[in-house]
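Work through the exercises below with the structure open. Try each task before you read its solution.

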Amino acid sequence: MNPAAPIQATFDDLGTSLADVTFVVLDLETTGGSATDCRITEIGAVKVRAGAVLGEFQTLVNPGEPIPAFISVLTGITDQMVARSPRIDSALPAFLEFIGDSVLVAHNAGFDITFLKVNCERLQLDWPGNQVLDTVHLARQLVTRDEAPNHKLSSLARLFGATTTPDHRALHDARATVDVLHGLIERVGNLGVRTLEELRSYTGRVHPEQRRKRFLAESLPSAPGVYVFKDEHGRPLYIGTSIDIKRRVRSYFTASEQRSRMAEMVRLATSVTPIVCHTTLEAQVRELRLIAEHKPRYNKRSRHPERAMWLKLTVEAFPRLSVVREVRDDGATYAGPFGSRAVAEQAVAAVHEVLPLRQCTTKLSRKGTGAACVLAEMGRCGAPCTGSQSVDDYARLARTAADVLAGDGHVVLEALDRRLQSLAAGERFEDAAVVRDRMLALVRAAARAQRINPLAVSPELVAAAPTPAGGWEFTCVRYGRFAGATVSPPGADPRSYIEALRESAEHVARPSAPAPAAHPEETEKVLRWLEQPGVRIVEIDGSWTCPVGGAGGARDALEPMLAAAREVTGFEESTALRRRAG
């Protein structure tokens, strides 16, 4: 054998063997979710190589500002604990020395690394630029929903049998992440991943069975519309939309599709049915209707639009609030729809918080010959059942409640605001959080009802949007329900296409207002299309108005106040904190 002859490199020679990589698995605790506005309160890290622990780093950090109460509840770190701890200007240099040139690992690494970079910049320290590995990214590709309900650190720690239970303390969470990292490395090792470079670029390999299904896309049209994956019995597994059905379906058989549930779905699919549509909106509406009809197991959203609930103020001598499934033409005042009964009941509780409406379900006579209930004794009901409250006196309360449901709820919302501030000032944070959530449920529902009302009560609306080719796409909407669509070519007279659309569009019966003739999600999708730039209303049988000072304005005004309330109560973490809390 010629010793000078080139020798083919082994797979391990193409990168840094994982056995030779030094990882520093880190975790931070902070005063909030914003790296620019919040501060680090604790740093914890574990240095490992080849499965062995080489060292640990842990320090509390004095943030130089009070720690919010809800953060203390979440992490257990209080102002007293950090009072004598080092500031970040001494803790961070020590930590940078500890990590050296190792590969940094964190669960939701973007959160921790952003905080470190921002603090380096603030202290005028050079960020060393270490390679970063995110265990959340790996877990999303390697851990199926059948194994764990989600990819939070707590769930993965249980799955991989971590010796340390994560509890929102930095070193404990870092130790748990070490065990998760080793479990994930073991899994990719079984798939042939041996180097750091492969691990960092791992995107999930296409299963051979998934790749073999590419023939399902060959006969599909390159046109906009809906596609339906079906199993061997013809049952829909998954329903989606695309501007190019063939190209989109092809992507399910490549590495670009990284959702584990979709890979599982493709393995079960035996056919794909295309439904070509005139416009994107038509495809989106057909998708919603098909999902609601068939409830495919691999679609997560829009499977149960029939579960929408409405809030009703009954029509009787002494009206009361009731949660109902349908809107009837009975003269009652309605608000909604709500996504669930629980949210609707929150809105009811918000009104009851400040208006002493009766809460009993008994039909009361005008004379009031019954006995008082506990709520009357507590002063939360005027006791019309006993005759203590006349029909006229009670009617004033009912009119205020009706105004709230109609969107003009400033009296009730101001009272709820005062109640919220009072609870927060008394440090009754949990009660304040309950009131806050009830307010939000109430104002969102009223705003939603007002938003879709112009469509829901209009017998017909025809709107147009320009197409990229220079023509027009026309949509006909009747009582909030998509009734038909067509497209005119460039240079054609659009009037003939509009008339043909109106003649061929679906006949829609008048619904009971304020409910539209379609599921509210469909009406809202149509409304979002109408609000897009370039879309114009061509004809309308009805009116297109929204009341001045309505619930939409109240909702927008509430958002800053609710954001402040979240900081005070601490019972609704920011998006970043919810991601971080795993």
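**Exercise 1.** List the residues that Leu311 touches, leaving out residues up to four places away in sequence.

*Solution.* Note that this is a predicted model. Start at Leu311 and look for heavy atoms within 4.5 Å. The contacts include Leu321, Ser322 and Val323. Next come Thr333, Tyr334, Ala335 and Phe338. Ala344, Ala347, Val348 and Leu405 complete the list.

**Exercise 2.** Which residue of β10 is the bridge partner of Leu311? Then place β10 in its sheet.

*Solution.* The bridge partner of Leu311 is Val323. Now count the bridges: four join β9 to β10, and these strands run antiparallel. Step back to the sheet. It is open, has three strands and follows the order β10-β9-β11, with antiparallel pairing. β10 and β11 are its edge strands, each pairing on one side only. On average, neighbouring strands are turned by 20° against each other, direction ignored.

**Exercise 3.** Which strands does α13 touch as it packs on the sheet?

*Solution.* α13 touches β9, β10 and β11. Compare directions next: α13 makes about 170° with β10.

**Exercise 4.** Which residues of the largest nonpolar core touch the most other members, and which element gives the most to this core?

*Solution.* The core has 37 residues. Leu311, Leu321, Leu357, Leu416 and Leu442 touch the most other members. Now check the suppliers. β9, β10, β11, α13, α15, α16 and α17 each supply at least two residues. α17 gives the most, with eight residues. Finally, look elsewhere: a second, separate core of 28 residues includes Val46, Val48, Ala139 and Leu153.

Key: Residues numbered from 1 in each chain as written. Predicted model: local features only at pLDDT ≥ 70, side-chain atom pairs only at ≥ 80, totals over all residues. Heavy atoms only, no water. Core = buried A, V, L, I, M, F, W, Y, C linked by side-chain atoms within 4.5 Å. Buried < 20%, exposed > 50% of the residue type's maximum accessible area, 1.4 Å probe, protein only. Pairing = 2+ DSSP bridges. Axes fitted to C-alpha atoms, helices over the stretch in contact; angles between N-to-C directions.
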